[in-house]
Each structure stands twice: as C-alpha cells, then as structure tokens.
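Work through the following exercises with the model at hand. Each task is followed by a solution in steps.

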Amino acid sequence: MLEISNINAFYGNIQALHDVSIKIKPGEIITLIGANGAGKTTTLMSISGIVQPKTGEIRFNGEVISGKKPDKIVQMGLAHVPEGRHIFPYLTVMENLDLGAYLRKDKDNVKKDLEHVFDLFPRLRERKNQQGGTLSGGEQQMLAISRALMARPKMLLLDEPSLGLAPLIVKQIFDIIKRINQEDGTTIFLVEQNANLALKVAHRGYVMENGHIILEDEAHKLLVNEDVKKAYLGI
Ligand code: ATP
C-alpha cells in the first residue's frame, strides 16, 4: 500500500534520513520507533509531502507521491495527525472536524463519518461546541485524530499520539487506534517514543537510529529482542 524506497532527506546541509525504506501492506499497523531526533517525524513529513526527500521514491497504492503537494496527498487517502496535535484553538470541536472534511465532495458521507467519530469519541460529541484550545490534552489528541478521520483516509499517519498524556488516556486512545484499524480497515503508520505501547498494538515495527533504519521485524519479536529491550524498552 505504501512503499518508501531509499529516501534521503536534508535540512540544509544536515542529512536527517539516510536511505530509508519501509513497506506497509493494506490493513497493517506499522510502528516506527526510535530516540529523540532519530528522524521519525521527518519520515512522516516526507510521506505527507511537507518535507521533500532529495532522492528516493514514495509510492502509495502504486502511484508515486513523492514530489506531490500535501493537499493532493490527503485527497489520495493519506491523513497525517502531527506531533503536538495542531488543532485550531479558537474554533469549536465541530468547526475543527468540518475542516478535516473540506477537501471532500461526498457531503452525504461526511455526515455519516461525523457520527462515526462521535461514536468512537463520545467525549467530543459532548463538547462539540467547545473551543478546541479549551479541551484537555487527551481530548485535543482525540480531536486531532477525528479531524484526520473526517478526510476518510485509507491510511492514517500518527505522530506520537501518547506525547504528554496520562496513562489512562493513552490507553483509551490506543484502544481506539486498534478499532480504527480493525473495524474500519484503515492502515496505520504509528510513530512513537513509547516503544512498549507501540509494539503491543502494531503488527510490525521498524527501529530508527540517526536517520537509518537499523532493524525491522514482527512487533512481538521486537518486544523480546535483547537490543530493543535495552535501548527502547527500559529493560
Ligand atoms: P522527536 O521524537 O524528538 O520528534 P524524531 O525522531 O521525530 O524526534 P526528527 O524530528 O525527524 O526526529 O528530526 C531528525 C533530525 O532532523 C534531528 O537531528 C533534528 O534536529 C533535525 N531537524 C528536524 N527538523 C528540522 C528543521 N526544521 N530544521 C533543521 N533540522 C531539523
């Protein structure tokens, strides 16, 4: 479904990604784990067209997307939930959700999808007229995911959904991520520093260090891999 082939990305003279290759099949949850500054966010931004890799290629459902603009990539079915959430603080929950669907022409289905996200996150239904900026951190993460779902994506890119949230909220959000995958069939690419959590929900994982993919395996095998345990699981 998504095929990243040997991408190299730079910020000025600094190379952030070195020959990164990742393959994601339809219906999978894939996680990319790694320390601060490893290049995880840059990988996601390369997929969604915010960063343009200097060399290499990214294909989505067979079509080359590297070089395309972010809005085109969203329209093709790839939605990105950025790190730090970036909801619109002065707009209400409803207005934030409407913006997630602004590129869509199938307005009848938009209503159905709105009900669907409210079923996934009943808290947002209760708070639909509240300003985004006044929501708690966990609610803002729910809103950011819901806004991305309003684009009816085939694949969801999630950047550190657990960042700064209390364990109970994190658990709720990860349960929903699993449901979005299992019930809606949405393919998920999850970037996380909380490797333990990410490897428990994912089917397969990639480990990134200093802009290189150093390891790739089934998630349950990475969870018991001695190097991964020492470096990322605090064991
Ligand atoms: P974190 O978990 O801290 O977000 P990350 O794995 O997502 O880390 P990236 O944000 O992709 O890592 O950063 C990879 C490298 O690129 C780091 O060395 C970072 O300092 C650098 N970098 C990221 N964004 C920029 C930028 N806008 N300008 C210059 N360098 C950048």
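**Exercise 1. Describe the turn that joins strand 1 and strand 2, and the pairing of the two strands.**

Step 1. Strands here are DSSP runs of E with at least two residues, and helices are runs of H or I with at least four, both numbered from the N terminus. Strand 1 and strand 2 make a hairpin, with two residues between them. Gly12 lies in the turn and has a positive phi of about 60°.

Step 2. Two strands count as paired if DSSP finds at least two bridges between them. Strand 1 (residues 2–11) and strand 2 (residues 14–24) run antiparallel and are joined by seven bridges. Phe10 is opposite Gln15 in strand 2, and Glu3 is opposite Lys23 in strand 2.

Step 3. This is a predicted model, in which local features need pLDDT of at least 70 and side-chain atom pairs count only at pLDDT 80 or more, whereas totals for chains, interfaces and linings use all residues. Residues are numbered from 1 along each chain as its sequence is written, and side-chain values use heavy atoms, with hydrogens and water left out.

**Exercise 2. Extend the hairpin to its sheet: which strands stand at the edges?**

Step 1. Strand 1 also pairs with strand 4 (residues 55–60), antiparallel, over five bridges. Leu2 faces Phe60 of strand 4, and Ser5 has Glu57 as its bridge partner in that strand.

Step 2. The open sheet consists of four strands in the order 2-1-4-5, with antiparallel pairing. Strand 2 and strand 5 (63–64) are the edge strands; each has a single partner strand, so one side of each has no neighbour in the sheet.

**Exercise 3. Find the parts of the chain linked by the salt bridge between Arg204 and Glu28.**

Step 1. The criterion is a side-chain nitrogen of Lys or Arg within 4 Å of a carboxyl oxygen of Asp or Glu. Over the whole structure, 16 salt bridges are found.

Step 2. Arg204 and Glu28 form one of them, at 2.8 Å from N to O. Arg204 belongs to strand 9 (residues 204–209), while Glu28 is in the loop between strand 2 and strand 3 (29–34), so that the pair joins distant parts of the chain, 176 residues apart.

**Exercise 4. Characterise the interface between domain 1 and domain 2.**

Step 1. By an automatic or database domain assignment, domain 1 covers 2–77 + 153–232 and domain 2 covers 87–152. Their centres, taken over C-alpha atoms, are 23 Å apart.

Step 2. With contact defined as heavy atoms within 4.5 Å, 17 residues of domain 1 touch 15 residues of domain 2. Buried area is the accessible area (1.4 Å probe) that two parts lose on being put together, summed over both. About 1400 Å² is buried between the domains, and carbon and sulfur atoms give 72% of this area.

Step 3. The number of salt bridges between domain 1 and domain 2 is zero. Helix 2 (70–75), strand 7 (155–159) and helix 7 (167–184) each supply at least two residues of the domain 1 side. Helix 7 gives the largest share, seven residues.
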